[in-house]
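Welcome, and please take a moment to look over the model below before reading on. This short tour goes from the sheets to the helices and then to the place where the chains meet.

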Number of protein chains: 2
Amino acid sequence: MVPAVSADCSSTSFTPLVVLELASDTKQEAIAWLLGRIRDPQQNGGTGLLVEQLGLGDGGSEKENPNLFLVGAKWQRLLSGAEEVGLFKEFSDGSMRGFTCANKHNFKHFEGDGDSFISMAECQYIIKHELDTLRAKDETHVPGHPQVKLYPGKSIIRRLLSKGVLIQVFPLHEKEELKRLSYAWYQKVKLSFQPLDDIRRYYGEGQALYFGFLEYFTFALVPMALIGVPYYLFDWENYDKYVVFAVFNLVWCTVILELWKRFSTSLAYSWGTLSRKKAFEEPRPGFHGVLGFNPVTGREEPLYSNTKRQLCIYLVSLPFVLLCLYLSLYVMMIYFLMEGWVLSVHDEEPTFWTGVLLFIPSIIYAVVIEIMNLVYRYAAEFLTGWENHRLESSYQNQLVLKVLVFNFFNCFASLFYIAFAMQDMALLRQSLATLLITSQILNQVMEAFLPYWLQRRRNKKMMRKVQKRKAVAEAELPLAEQVRLEADMSTYLGTFDDYLELFLLFGYVSLFSCVYPLAAVLVVLNNITEVYSDAFKMCRVFKRPFSEPAANIGVWQLAFEAMSVIAVVTNCSLIGMSPQVKAYFSESETQLILWTVAIEHVLLAFKFILSFIIPDVPKHIQIKLSRLEFESLEALKKKKMLEASELTKGIQ
Amino acid sequence: MVPAVSADCSSTSFTPLVVLELASDTKQEAIAWLLGRIRDPQQNGGTGLLVEQLGLGDGGSEKENPNLFLVGAKWQRLLSGAEEVGLFKEFSDGSMRGFTCANKHNFKHFEGDGDSFISMAECQYIIKHELDTLRAKDETHVPGHPQVKLYPGKSIIRRLLSKGVLIQVFPLHEKEELKRLSYAWYQKVKLSFQPLDDIRRYYGEGQALYFGFLEYFTFALVPMALIGVPYYLFDWENYDKYVVFAVFNLVWCTVILELWKRFSTSLAYSWGTLSRKKAFEEPRPGFHGVLGFNPVTGREEPLYSNTKRQLCIYLVSLPFVLLCLYLSLYVMMIYFLMEGWVLSVHDEEPTFWTGVLLFIPSIIYAVVIEIMNLVYRYAAEFLTGWENHRLESSYQNQLVLKVLVFNFFNCFASLFYIAFAMQDMALLRQSLATLLITSQILNQVMEAFLPYWLQRRRNKKMMRKVQKRKAVAEAELPLAEQVRLEADMSTYLGTFDDYLELFLLFGYVSLFSCVYPLAAVLVVLNNITEVYSDAFKMCRVFKRPFSEPAANIGVWQLAFEAMSVIAVVTNCSLIGMSPQVKAYFSESETQLILWTVAIEHVLLAFKFILSFIIPDVPKHIQIKLSRLEFESLEALKKKKMLEASELTKGIQ
């Protein structure tokens, strides 16, 4: 895609792709040195990219940071970069192969110079990769900034970022493309699937997989919702009829997760991320330790003992998490005590004020939960940072694990208590409905409308400022202003919170929906609005994120599977506790429990067998993958045979 | 290793490694054609190996098959073959790398011509691989045998084997090496570990891993045995004290299996099979179907619909297995009925004859079980063959699964019934002891001594025949006689039965040993004799097997893990049923069961978390693996950089 900035970007001689924002107090010699390093050809250890300072716009004020730089590249450079990062593209025979410049004309959609072959998101990803791998040559410091030390072989950009000299690096939006995408995505009123391929082209595979999963999850819930409605309409007061529904739940959870694995593999294959090899992962910016030699790369870098980290995790983090869980349980018990006390007060002499009092415990509990979640999140981030993980991926995994466990407890502990300790199905149903509806409303407000409103205000301010000087139509903001506007937009923090929300919704549906069949309907409605609000905030509220190559939803697949295992346990217990089943085993409670446990074990075993039997990779993709492998083996063999025969010829 | 056949092999000009035995009625033109194809250099589509007919020995009789052929190769050919099969060898820096001829001098232990670099077992594996990949060029038939059709690209040797023209292909023993190995392995009286590296060098990785596992399993049982003895001595009649023992069992099972994974990874790494890529797998000889084009290789070969196979499995094999399981249960119930009837007869008027009658049901049941196992094994082999799997590996997996499930049922169903339906711990203990001791004795006799005795007779006959004509010392059997002797030896059918036996022993120990603490002691004793008898039969009874490269124990790891999950369930139930625990929950049985189930679930969850936490690959090997990967990435990058700079130079 040739980005459509054109016309008004008279100040740049190339298509700007990525913006570097340096701190306003950066020394001129440091800037000159950095730009020189970026512009240097690759043979000299530079990146061979193009970079230019952004003009101050139409009479910029003094408050504005002048140190904004636009980075771009020639098409040739981008193509060789695509080979370096190992981009997979569709080959002329329909299979996906690693792109190589030597072989470029054999790839589908490669026309002319290939300037429409790589999408802009991919170009930005390549530029980010090239900038990240710009390394210091010898042990020195950044000119003019003696406090920013450089070590040979370490990434310069990461160093500058962690020292605060470089404020941010972000890719630019494409106005035209974004307009087209947002129209196809959420402005069209017509019922249709999301344009996943377009989303992937604009935001990368990580984002597209999230939206794909959101859509898949919504569709997977439709059968449940359809079954739930008649249950709700005709059996509203008949909680004991939920056995059939619970059984359906069980099978459904297992099957949809297995099928999602296959679906996501298909997506990842067609996007070329399935067989793409991960590049060697650099240490995360915050990682510190004693300087030593990395046993893998042989480079000098900070080392940190693994044993020490394990001790941190098991002696500090784990006890802390357990303590928090205990605290959360304690707060819950206080809530139930308060609830009971308020009820008894209201029952004694019901007045208007005791009626109001009835709501107080729930409100306090909800507020306390929110506060606890917030505080815990900060604590978890601090602790995980303190554990000093070498790689960003293991940092993320540890953080997800911590946050996940606590959120699960906070959201579901009270429901578990009501269901299994109090065995009060009416209350369970009521709590579930309250939790679902309030969290849904809160989410939409906090996640989309609030940020949008803030962004809109910022937008208008900028427009007013520009329009004060020039009379331009709203759509045609000059490049300099546009870049400054985007630099001020909020940064998208990744899909973590979005997945967490889906995870909790999945929990509500799979764990307890048999007592409140309308849950699935509510979640479907929520998901539909979620698609729109998420799409909206991606397009209008946030800075464009760098695209993240991803082959699957990673640790979340595991989390959802764990939830579906827990769902088997809760649903079996709910079935065992249903009046219907209890009536059947009226003589002996022991028999009832033993049967329930036996059936639960069989179901769990069946679930595991099912996940073994259903292959994760669909047949037609398996064939394509093994064909590729076979061809490369054959090519290798042929090459060796040729070498051998040349050798014998040489001898003769 | 230079094989030490030397001196008396005056008839061959090279070191014979592998023997081909053709049917005695093979036409001379077919033999000439086959030998020609084998001798042809690789450029002409042959294998470039050396092959020679074996002489008839010293005045061989007419009954002997003259069509025995010795296959060998030059060292150069073997080295290039080692590269073709992708052998991993130790590099000069201590890491394991794929061997390449171009780089040969950088490998450790490569000296001179490299004639001691590849072990004889590896040479034989290479020759087998080369023979297997000898392919027909065009659609024709074997000269002189119009019924043996050949299709272009298909393996000739496999075709000849399946048509019965080729009777067998087997590698030769090395007398000297075998003597040394057997001394170090089982003739030395001194207590020591098995010489796993020597076993691996002589028999290949698959065998060595089995013996490694056997040894590891034995050592892992020692703590249990040590705890078991005092239990047995002091608490013999106190079945209710087994709670501590059961808890120990649970933890132990999980931990040893996880640690084995790490240990076997270390072994596989040091043997070079861990990162070795699997070659493209050919269809198994028995596979049939309609001729078509393979979607992966593009070659013409039989195709068989996957749906059809799945239907066979789920509509025929699965119901058949379930029927067999039902039958096995039915037989068990009859046994218990008989047992009860006999007991009542004996209790009414105890005479000598009713005393004898007491043993009858057990004997009948044992015999019936053996017969059922045998019949079922044949049926399973037939069914799995009929399912028509394309690959040998999936055939093996399906067969293992079928046999495993049935054997598990046959062996453990009666124990489960006694433990949980009859809740008779004294009887359980007695049955366990009987089963363990009888199966142990039977095994040793059937597996080692009987075949040994048969082989010894055969050996003596051959010696007598030779000595009739010449007066040679026993050790110096001439090559021709030696080859004929080995051709007549039994064929080793793989590690299947050995692993199955270990699996059942593991079941006895992990499932029920808390009621019979001596089980671990018995299994340790059994395993020690098993090491010796298995070693003995490998060295003296069987033909040498081709070495099987293996990186782990494959499907058996899964089977053992499944067993350890079942062990959690049975041990928790046994604890829940113990009088001690029952006394604690004397008021409410429901409470007892709920607590038992809760604890069981927690243990299962803990087990799964543990298997996630403990990394399968030890840290130091992980580092070596990622260093290799990093180096190859760097090399690739450097190569591309060079190409790019050459390109720019060219343009300038």
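Two strands pair if DSSP finds at least two bridges between them. With that in mind, look at chain A of this predicted model: in β3(A), A:Phe69 is the bridge partner of A:Gln53. Strand β2(A) and strand β3 (residues 68-72) of chain A run antiparallel and are joined by four bridges.

**The sheet of chain A**

These strands belong to an open sheet of four strands, arranged in the order β2-β3-β1-β8 (chain A) with antiparallel pairing. At its edges are β2 (50-53) and β8 (166-171) of chain A, each of which pairs on one side only. From one strand to the next, the twist averages 20°.

Which helices pack on this sheet? One of them is helix α1 (residues 28-39) of chain A, which touches β1 (18-22), β2 and β3 of chain A. Another is helix α14 (residues 479-488) of chain A, touching β1, β3 and β8 of chain A.

**The sheet of chain B**

Now turn to chain B, where four strands form an open sheet in the order β2-β3-β1-β8 (chain B), again with antiparallel pairing. Why is one side of β2 (50-53) and of β8 (166-171) of chain B left without a neighbour in the sheet? Both strands stand at the edges and each has a single partner strand, so there is no neighbour on the other side. The twist here averages 20° from one strand to the next.

Within this sheet, strand β1 (residues 18-22) of chain B and strand β3 (residues 68-72) of chain B are antiparallel and joined by four bridges. Opposite B:Leu20 stands B:Phe69 in β3(B). Helix α1 (residues 28-39) of chain B packs on the sheet, where it touches β1, β2 and β3 of chain B. Helix α3 (residues 120-132) of chain B lies across β1, β3 and β8 of chain B.

Here are the directions of the helices set against strands of the two sheets.

| Helix | Reference strand | Angle |
|---|---|---|
| α1 (residues 28-39) of chain A | β2(A) | about 155° |
| α14 (residues 479-488) of chain A | β8(A) | about 110° |
| α1 (residues 28-39) of chain B | β2(B) | about 155° |
| α3 (residues 120-132) of chain B | β1(B) | about 40° |

**Salt bridges and a lysine in a loop**

How many salt bridges does a search of the whole structure find? Over all chains, there are 35 salt bridges. One pair is B:Glu122 and B:Lys89, whose closest N and O atoms are 3.1 Å apart. B:Glu122 lies in helix α3 of chain B and B:Lys89 in strand β4 (residues 88-90) of chain B, so this pair ties together parts that are 33 residues apart in sequence.

Back in chain A, you can find A:Lys154 in the loop between β7 (145-150) and α4 (156-163) of chain A. Leaving out residues up to four places away in sequence, A:Lys154 touches A:Leu134, A:Arg135, A:Ala136, A:Pro283, A:Glu300 and A:Glu301. Its C-alpha is 18 Å from that of A:Arg39, and A:Lys154 and A:Arg39 are 115 residues apart in sequence.

**Where the chains meet**

Finally, follow the contact between the two chains, which takes 31 residues from chain A and 31 residues from chain B. About 2,900 Å² is buried between chain B and chain A, with carbon and sulfur atoms giving 67% of that area. On the side of chain B, the residues that lose the most area to chain A are B:Val296, B:Ile593 and B:Phe630, together 18% of what that side buries.

What holds for salt bridges and polar contacts here? Between chain B and chain A there are zero salt bridges, while six residue pairs are in polar contact. Elements of chain B that give two or more residues to this side are α9 (306-348), α17 (555-577), α19 (589-613) and α20 (619-651). The residues on the side of chain B that touches chain A divide into 15 nonpolar, eight polar and eight charged.

Notes. Residues are numbered from 1 along each chain as its sequence is written. Chains are lettered from A and ligands numbered from 1 in the order in which they are written. This is a predicted model: local features need pLDDT of at least 70, side-chain atom pairs count only at pLDDT 80 or more; totals for chains, interfaces and linings use all residues. Side-chain values use heavy atoms; hydrogens and water are left out. Contact means heavy atoms within 4.5 Å. Buried area is the accessible area (1.4 Å probe) that two parts lose on being put together, summed over both. A salt bridge is a side-chain nitrogen of Lys or Arg within 4 Å of a carboxyl oxygen of Asp or Glu. A polar contact is a pair of N or O atoms within 3.5 Å; within protein, one must be able to donate a hydrogen and the other to accept it, and residues adjacent in sequence count only if both atoms are side-chain atoms. Ala, Val, Leu, Ile, Met, Phe, Trp, Tyr, Cys and Pro count as nonpolar, Asp, Glu, Lys and Arg as charged, and the others, Gly among them, as polar. Axes are lines fitted to C-alpha atoms, for helices over the stretch in contact, and angles run from 0 to 180 degrees between N-to-C directions.
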